[in-house]
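Reader: Please take me through one part of this model in detail. Pick one helix and follow its contacts outward.

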Amino acid sequence: MKLLIINGANLNLQGKRDRGVYGCESFDEFIPRLQQKYADLTIDYYQTNIEGEIVSALHSAEGKYDGVLLNAGGYTHTSVVIRDAISAIDTPVVEIHISNIAAREEFRHTTLIGSVAVGSIVGFGLNSYVLGVEALKLYLQ
């Protein structure tokens, strides 16, 4: 099984930004641990701060990956084009959030991508990605 993690805006600052909300571990530390935990899978990682590049990564995932874990960051609440890109591909996408977006500011309660994802996992810190991998494994069986 081949999975792609796509992280959006500001997630390059993981481990440095709002540590009380997001924790102290960076993706440079976390992704190798995740790949080691799931050594039987291929897990690729991509991060960009640019909305259109997320759209392009979703389009490129079609036919290459069995599933995508997407943390669109703040674009979750604003991006119709990312929502449309998920709708346009057959590759299943799981929406991921490190924090519990329902317990944060009101504008974060709305997710434009949740309704077109196969599911959403929020609020478990970086373990949201572990749960996302498990969810995709079950979904794809």
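Author: What follows is a close look at helix α2 and its surroundings.

The model is predicted. Helix α2 covers residues 27-37.

Start at its beginning. There, a side-chain oxygen of serine 26 comes within 3.3 Å of the backbone nitrogen of aspartate 28.

Next, the two faces. Which residues of α2 are buried? They are Phe27, Phe30, Ile31 and Leu34. Around the axis they cover an arc of only 95°, so they lie on the same side of α2. The face turned away from this buried side carries Asp28 and Gln36, both exposed.

What do the buried residues of α2 pack against? Two strands and a helix: β1 (2-7), β2 (42-47) and α5 (127-140).

Now the rings. The whole structure holds four aromatic pairs. In one of them, phenylalanine 27 meets phenylalanine 30, with ring centres 6.3 Å apart. Their planes stand at 75°, so this pair is edge-to-face. Why are the two about one helical turn apart? Because they are three residues apart in helix α2. Phenylalanine 27 and phenylalanine 30 are both buried.

Phenylalanine 27 also pairs with tyrosine 129. This aromatic pair is edge-to-face too, at 5.4 Å centre to centre and 80° between the planes. Phenylalanine 27 belongs to helix α2 and tyrosine 129 to helix α5, so the pair ties together parts 102 residues apart in sequence. Like phenylalanine 27, tyrosine 129 is buried. The aromatic cluster takes in Phe27, Phe30, Tyr45 and Tyr129.

That leads to the partner helix. α5 has 14 residues. From first C-alpha to last it reaches 20 Å, close to the 20 Å expected at 1.5 Å a residue. Which residues of α5 are buried? Ser128, Tyr129, Val130, Gly132, Val133 and Leu136 are. The cover over these buried residues includes α2 itself. It also includes the strands β1, β2, β3 (67-71), β4 (93-97) and β5 (119-122).

In short, the buried side of α2 packs against β1, β2 and α5, and the pair of phenylalanine 27 and tyrosine 129 links the two helices.

How values were computed
Residues numbered from 1 in each chain as written. Predicted model: local features only at pLDDT ≥ 70, side-chain atom pairs only at ≥ 80, totals over all residues. Heavy atoms only, no water. Buried < 20%, exposed > 50% of the residue type's maximum accessible area, 1.4 Å probe, protein only. Helix = DSSP H or I, 4+ residues; strand = E, 2+ residues; numbered from the N terminus. Arc of directions from axis to C-beta. Contact = heavy atoms within 4.5 Å. Polar contact = N/O pair within 3.5 Å; in protein donor to acceptor, adjacent residues only side chain to side chain. Expected span 1.5 Å × (residues − 1). Phe/Tyr/Trp six-rings, centres within 6.5 Å; stacked < 30°, edge-to-face > 60°.
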